[in-house]
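Here are some friendly notes to read alongside the structure. Keep the picture open and try to find each item as you go.

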Amino acid sequence: FFLFLFSILITSCKKEAIQTSSSEDSSCYPNNDRPIQAISYQEMAAMFKEYNNGQRNVLNDYRAKITKGEDSVATISVFFKLSELKQYIAYIERLSKEKEIDLTGVRIFTSAYPSDYEKKELQNRISYIIAPTTNIGDAKNVAYEPLKSSLKKPVSMKSILDKYADENTKNVNRASFFPLNMREKEPSSALNRGHNNPPY
């Protein structure tokens, strides 16, 4: 009886594996269920309303002030192609695996292009920087730099950014995550340069 039951379980597992493998071919991720972080349209509408009635007005006023009224619409969204995001995830997964560091996720930081940025249409515009995260000591989900990390020894991005800190305040300016005004740019594993809207 146990041998018969065991053979049924083995057979059903094989059939299930065959069925799931065909669905996995259409996606590079085994779990394609609706994430628990997905929100409702009611939540989305309430969040957009809050932003439009608060922070967006302040940002539009700031844009109008720095552009002398020529451009008073703050950044509404940043677009990345799906292939770009998949490549980025594959890139940070590979780097983390090579260094044997547990990749826990990504952090998305609010930033802004500097006023002297090479593309005039992006100057002072809000942007976002995506960085890989890991646990360092007791600190959970810390933005870290796999390019500077050694085997099983992650280096936090903040420790690298500290050398670009404002000398007067000794604080890292998150808006200058990339040393944009330096001749030789130190590479990072952070992601930026999506397509801002506006400019259209």
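Which residues in α2 meet which residues in α3? Keep that question in mind for the first point, and remember throughout that this is a predicted model.

1. **Two helices in contact.** From α2 come Glu-50, Tyr-51, Asn-52 and Asn-53, and these meet Gln-55, Arg-56, Asn-57 and Leu-59 of α3. Sorted by character, the residues of this contact are 2 nonpolar, 4 polar and 2 charged.

2. **How those helices are set.** Helix α2 covers residues 41-53 and helix α3 covers residues 55-66. They pack at an angle of about 40°, and their axes are 3 Å apart. Angles under 35 degrees count as roughly parallel, while 65 to 115 count as roughly perpendicular; α2 and α3 are therefore oblique to each other.

3. **The chain as a whole.** Stepping back, you can find 5 helices and 5 strands in the chain. Following the sequence from its start, their pattern reads α-α-α-β-α-β-β-β-α-β. The chain has 200 residues, and 24% of them count as buried. Look also at contacts with a separation of 6 or more: 57% of these are between residues 24 or more positions apart.

4. **The sheet.** Now look for an open sheet made of 3 strands, ordered β2-β3-β4 and paired antiparallel. Strands β2 (105-112) and β4 (139-143) stand at its edges; each has a single partner strand, so one side of each has no neighbour in the sheet. From one strand to the next, the twist averages 40°.

5. **A closer look at one pairing.** Strand β3 spans residues 126-136 and runs antiparallel to β4, with 3 bridges joining the two. To find one of the partners, start at Ile-136: its bridge partner in β4 is Ala-139.

6. **A helix over the sheet strands.** Helix α4, residues 82-98, lies across β2 and β3. Its direction is at about 30° to β3.

7. **The nonpolar cores.** Which residues make up the largest nonpolar core? There are 6 of them: Phe-109, Ile-129, Ala-131, Ala-143, Met-157 and Ala-190. Another core, of 5 residues, lies apart from that one, and includes Phe-80, Tyr-88, Ile-92 and Ile-130. Try colouring the two sets separately as you look.

Key
Residues are numbered from 1 along each chain as its sequence is written. This is a predicted model: local features need pLDDT of at least 70, side-chain atom pairs count only at pLDDT 80 or more; totals for chains, interfaces and linings use all residues. Side-chain values use heavy atoms; hydrogens and water are left out. A nonpolar core is a set of buried Ala, Val, Leu, Ile, Met, Phe, Trp, Tyr and Cys residues joined through side-chain atoms within 4.5 Å. Buried means under 20% relative accessible area, exposed over 50%, partly exposed in between (1.4 Å probe, protein chains only). Two strands pair if DSSP finds at least two bridges between them. Helices (H or I, at least four residues) and strands (E, at least two) are DSSP runs, numbered from the N terminus. Axes are lines fitted to C-alpha atoms, for helices over the stretch in contact, and angles run from 0 to 180 degrees between N-to-C directions. Contact means heavy atoms within 4.5 Å. Angles under 35 degrees count as roughly parallel, over 145 as roughly antiparallel, 65 to 115 as roughly perpendicular and the rest as oblique. Ala, Val, Leu, Ile, Met, Phe, Trp, Tyr, Cys and Pro count as nonpolar, Asp, Glu, Lys and Arg as charged, and the others, Gly among them, as polar.
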